[in-house]
Amino acid sequence: MTLFVNALTHLDASYWDAKRGLVGASWHVDLTLDGELGEDGMLFDFGEVKPWIKRVIDQGPDHTLLVPTKAPGIDVQECAEGLCIKASLPWPMEVRAPRQAFTLLPWTEITPERLGEYISEQLMKRPPPRVTRIGISLAEERIEGAGYTYSHGLKQHAGNCQRIAHGHRSRLYIWRDGELDEALAAQWSRGLVDIYLADQADVILPDDEFCRVAYTSAQGSFRIKLPRERVMIMPTTSTVENIAKWLAERISMLHGGDIRVQAFEGIGKGAIAQASQPRDD
């Protein structure tokens, strides 16, 4: 017997890619369970499935930096903060953070297929009674219009969002004077693909070549160093509320008109903000 649950939860993380660099990601999590029925006619209670899977994912890869330790140019060392991850391809990056901020995987690249298999293996270490196989499938949300992939850290967040290098893959909608403007959304989303969003208050020693971000939060000390062109510095912390507000204000200032921005934080959630400036045309 096979039990399935589609879109059981979501997984938000960032991963290092030797071709793209630091990539924000969001995946739907689908589940299948194989096994024998019990006397109650059930394999596993649906009411227990979601909290069990979500707990394992939340305590594992969710809101971490997924590091393929066998990828070219990757170096992993212990440091005062916990672990230091250095990368050189396709551009240099250094992240120092507590160990729980990373998921180290002995692979050359991160793929959703392999990550799903990894999560399945972790779950099968302590399977529920009568369950003989667990299948986890990860899939990106289908985004037909504009989308953006960003990484960030929220030092004041009480949960795992405080980790300095986690991210999201998100939709972006922009309305101008009440009309959905797909071209404007595409234009602005291009500048937010595989980008790091930094709070100005956390930026230290900025220069023309590198941007360094550092802060201390409840989980420990965090530092990241990236090429300056891979970082977008915001005047505020990079919550999705502030992202939407920041975009609306910048777009209205540069393009004019009544601007409404719907910015997503991963799948199915986000914020809406509006701003207005006179149009020149």
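A residue is called buried when its relative accessible area is under 20%, exposed when it is over 50%, and partly exposed in between (1.4 Å probe, protein chains only). The model is predicted, so local features need pLDDT of at least 70 and side-chain atom pairs count only at pLDDT 80 or more, while totals for chains, interfaces and linings use all residues. Residues are numbered from 1 along each chain as its sequence is written, and side-chain values use heavy atoms, with hydrogens and water left out.

**Stop 1: Ser189**

Select Ser189, which is found in helix H3 (residues 182–190). Helices (H or I, at least four residues) and strands (E, at least two) are DSSP runs, numbered from the N terminus. Ser189 has 6% relative accessibility and therefore counts as buried. Now show its neighbours: leaving aside residues up to four places away in sequence, Ser189 touches Ala146, Gly147, Tyr148 and Leu172. Contact here means heavy atoms within 4.5 Å. Within the helix, look at the backbone oxygen of Ala186, which lies 3.0 Å from a polar atom of the Ser189 side chain.

**Stop 2: helix H2**

Select residues 112–123, the twelve residues of helix H2. The expected span of a helix is 1.5 Å times one less than its number of residues. For H2 this gives 16 Å, and the end C-alpha atoms are 16 Å apart, so the two agree. Next colour Leu115, Gly116, Ile119, Ser120 and Leu123, which are buried. Viewed down the axis of H2, the buried residues fall within an arc of 145 degrees, so they line one face of the helix. The arc is that of the directions from the helix axis to the C-beta atoms. Turn to the other side of H2 to find Glu113 and Glu121, both exposed.

What do the buried residues of H2 pack against? Their partners are strands E1 (2–17), E2 (21–35), E3 (65–68), E7 (102–105) and E8 (131–139), together with helix H1 (46–58).

**Stop 3: strand E5 and its partners**

Select strand E5 (residues 82–87). Five of its six residues are buried, so E5 is largely enclosed by the rest of the structure. Two strands pair if DSSP finds at least two bridges between them.

- Add strand E4 (residues 74–79), which pairs with E5 in the antiparallel sense over six bridges. Gln77 stands opposite Cys84 in E5, and the E4–E5 hairpin has two residues between its strands.
- Add strand E6 (residues 93–97), which pairs with E5 in the antiparallel sense over five bridges. Lys86 stands opposite Glu94 in E6, and a hairpin of five linking residues joins E5 to E6.

Key
Polar contact = N/O pair within 3.5 Å; in protein donor to acceptor, adjacent residues only side chain to side chain.
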